[in-house]
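Visitor: I have a structure open and would like to learn how to read its helices and loops. Could you walk me through it?

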Amino acid sequence: IRSARGVRLLDVRPEQGALVMEHCAGGSLRQVIARGPVATEQARGWIRDVALALARVHDTGWVHRDLKPGNILLRADGRAVVSDLGLARRAGERADAVEGTPGFTAPEARAGEAIRPTSDVYSFGAMGLALGLGGHPAVARLLQQCLSPDPAARPADGRALVTALSAIA
């Protein structure tokens, strides 16, 4: 599996309330999806990149909370990177139930329950389906598991997603 990172932070300008980040020439996954069907192997590579990024986020005790195609950017080399951590919170905290994006926000997050990585896993499943990966049987099973209404039935976190994707040929 390819290594993955988030968008590179180039500079912090607190006096302007700004972060200077790398330019991702490929746009967002949302833009790619809007143009039409995505090649299965390309989409699988992107979700692997996202799973690796989520593993790093979750390993540090954080939850993204707004994972969606618009927050996944594509570098010029074609790799996907996770961006926009504006809603990120520590696992176990509580947050406003109205935050997040409809269609990509887990049911427990909409209910205002404690924040946990399984909410990002739900969003990952919705994003994989938006990329058209529902037609690949093994990937589709994983995505459906991610979308379980019961957080305990989902893969536990980004690391579990990486493991599950590694097992899919």
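Guide: Sure. Keep in mind that this is a predicted model. Let's start with burial in helix α4: its buried residues are Pro117, Thr118, Ser119, Asp120, Val121, Tyr122, Ser123, Phe124, Gly125, Ala126, Met127 and Gly128.

Visitor: What does that say about how α4 sits in the rest of the structure?

Guide: Twelve of the 14 residues of α4 are buried, so the helix is largely enclosed by the rest of the structure. As for length, α4 reaches 20 Å from its first C-alpha to its last, close to the 20 Å expected at 1.5 Å a residue. Just after α4 comes Gly132, with a positive phi of about 90°.

Visitor: And how do I describe two helices that pack together?

Guide: Two packed helices are described by the angle between their axes and the distance between those axes. Try α4 (residues 117-130) with α5 (residues 137-146): their axes come within 7 Å and cross at roughly 140°.

Visitor: Are α4 and α5 oblique or roughly antiparallel to each other?

Guide: Oblique. The cut-off for roughly antiparallel is over 145 degrees, and the α4 and α5 axes cross at roughly 140°, so the two helices are oblique to each other. Their crossing is left-handed.

Visitor: Which residues of α4 and α5 meet?

Guide: From α4 you have Val121, Tyr122, Phe124, Gly125, Gly128 and Leu129, and from α5 Leu143, Gln144 and Cys146. Sort that contact by class and you get six nonpolar, three polar and no charged residues.

Visitor: How do α2 and α4 cross?

Guide: The axes of α2 and α4 come within 11 Å and cross at roughly 170°. That makes α2 roughly antiparallel to α4. On the α2 side, the contact is made by Ile47, Val50, Ala51, Leu54 and His58, while α4 brings Pro117, Asp120, Phe124, Met127 and Gly128. By class, the residues divide into seven nonpolar, two polar and one charged.

Visitor: Is α2 itself enclosed or open to the outside?

Guide: Largely enclosed by the rest of the structure, because 15 of its 20 residues are buried. The span of α2 from first C-alpha to last is 28 Å, close to the 28 Å expected at 1.5 Å a residue. Gly61 follows α2 and has a positive phi, near 90°.

Visitor: Where does α6 come in?

Guide: Helix α6 (residues 158-166) packs on α2 (residues 40-59) at an angle of about 150°, with the axes 7 Å apart. This crossing is left-handed. The α2 residues involved are Ile47, Arg48, Ala51, Leu52, Leu54, Ala55, His58 and Asp59, facing Gly158, Arg159, Leu161, Val162 and Leu165 of α6. Here the split is eight nonpolar, two polar and three charged.

Visitor: Now the loops. What should I notice about the phi of Arg65?

Guide: Its sign: phi of Arg65 is near 75°, a positive value in a residue other than glycine. You'll find Arg65 in the loop between β3 (62-63) and β4 (72-74). Arg65 has a relative accessible area of 14%, so it counts as buried.

Visitor: What touches Leu87?

Guide: Leaving out residues up to four places away in sequence, Leu87 touches His64, Arg65, Asp66, Glu99 and Gly100. Leu87 belongs to the loop between β5 (80-82) and β6 (89-90). Glu99 is twelve residues along the chain from Leu87, and their C-alpha atoms are separated by 7.6 Å.

Note on methods
Residues are numbered from 1 along each chain as its sequence is written. This is a predicted model: local features need pLDDT of at least 70, side-chain atom pairs count only at pLDDT 80 or more; totals for chains, interfaces and linings use all residues. Side-chain values use heavy atoms; hydrogens and water are left out. Axes are lines fitted to C-alpha atoms, for helices over the stretch in contact, and angles run from 0 to 180 degrees between N-to-C directions. Helices (H or I, at least four residues) and strands (E, at least two) are DSSP runs, numbered from the N terminus. Angles under 35 degrees count as roughly parallel, over 145 as roughly antiparallel, 65 to 115 as roughly perpendicular and the rest as oblique. A crossing is left-handed if the near helix is turned anticlockwise from the far one by less than a right angle, and right-handed if clockwise. Contact means heavy atoms within 4.5 Å. Ala, Val, Leu, Ile, Met, Phe, Trp, Tyr, Cys and Pro count as nonpolar, Asp, Glu, Lys and Arg as charged, and the others, Gly among them, as polar. The expected span of a helix is 1.5 Å times one less than its number of residues. Buried means under 20% relative accessible area, exposed over 50%, partly exposed in between (1.4 Å probe, protein chains only).
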